[in-house]
Amino acid sequence: MDDATNIRKIARLTAEYMISMVGLLTQASGMDPTDILILNAVSAANVAHIIDDPDKVNVYWSQGQTIPFEVRRPITSLAISESLGLPRETCRRRIKGLVEKGLLARQPGGLMAVHELTDPGQLAEMYTANVQLFRRLVRKLRKHGVEV
């Protein structure tokens, strides 16, 4: 099912989803898309070591909690720069601004995302909106005959 037609369908529909998500996050936060990308990359990296383990992650998510900071792992700004393909200086400057805004914190070993503490209600709204956009993506993929 990975013929050229399906690959184009998947590419276009997932691009539509990503653009919608960036628009949603930009509108809700008032932040620059590059800052949003960096903030989300740090946040994802902080929990990457446990996110694929349903037993560990469901303990927190089933109770409606975020993953506690004590089980998260920091990530370096260099690792973020490399993972996003952004120049080191751009990441350094953007990260400095995100730290000053209280959305990222410097810890021994790197950076931790702390934006979840700033406005949990807004974060819950964005999660809900993401779920709606993702479900729309899945519906469109199925409508176009792409196996999900």
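## Contacts along the chain

In this predicted model, contacts between residues at least 6 apart in sequence were sorted by their separation along the protein chain, and 63% of them join residues at least 24 apart. One pair from the two ends of the numbering illustrates such a separation: L13 and L137 are 124 residues apart along the chain, while their C-alpha atoms are separated by 6.7 Å.

## Fold and dimensions

The protein chain contains six helices and two strands. Their order along the sequence is α-α-α-α-α-β-β-α, which places five helices before the two strands and one helix after them. The C-alpha trace spans about 50 × 40 × 25 Å along its principal axes.

## Surface, burial and charge

Of the 148 residues in the protein chain, 31% are buried. The chain exposes about 9400 Å², and carbon and sulfur atoms account for 56% of that area.

Charged side chains number 19 positive and 16 negative. The centres of these two sets lie 5 Å apart.

## The cavity

Rolling a probe the size of a water molecule over the atoms shows where empty space is left. A search of the whole structure for cavities of 30 Å³ or more finds one. The volume of the largest cavity is about 50 Å³.

Seven residues line the largest cavity: L13, E16, Y17, L133, R136, L137 and K140. Two helices, α1 (4-29) and α6 (120-143), each contribute at least two residues to this lining. The greatest share comes from α6, which gives four residues.

## L13 in its surroundings

L13 is part of helix α1 and belongs to the lining of the largest cavity. The relative accessible area of L13 is 11%; because this is under 20%, the residue counts as buried.

Which residues are in contact with L13, once its neighbours within four places in sequence are left aside? They are L137, K140, L141 and H144. Two of these partners, L137 and K140, are also listed among the residues that line the largest cavity. L13 therefore appears in this model as a buried residue of helix α1, in contact with residues that include L137 and K140.

Technical notes. Residues are numbered from 1 along each chain as its sequence is written. This is a predicted model: local features need pLDDT of at least 70, side-chain atom pairs count only at pLDDT 80 or more; totals for chains, interfaces and linings use all residues. Side-chain values use heavy atoms; hydrogens and water are left out. Buried means under 20% relative accessible area, exposed over 50%, partly exposed in between (1.4 Å probe, protein chains only). Contact means heavy atoms within 4.5 Å. Accessible areas come from the Shrake-Rupley method with a 1.4 Å probe; for residues, only the protein chains shown count as cover. Lys and Arg count as positive and Asp and Glu as negative; His and the chain ends are not counted. The place of a charge is taken as NZ of Lys, CZ of Arg, CG of Asp or CD of Glu. On a 1 Å grid over the protein atoms alone, a cavity is a set of points where a 1.4 Å probe fits but cannot get out, and a pocket is an open set with protein on both sides within 12 Å along at least five of seven lines; lining residues have an atom within 4 Å of a point. Grid points are joined across faces, edges and corners, and a volume is the space filled by probe spheres set on the points.
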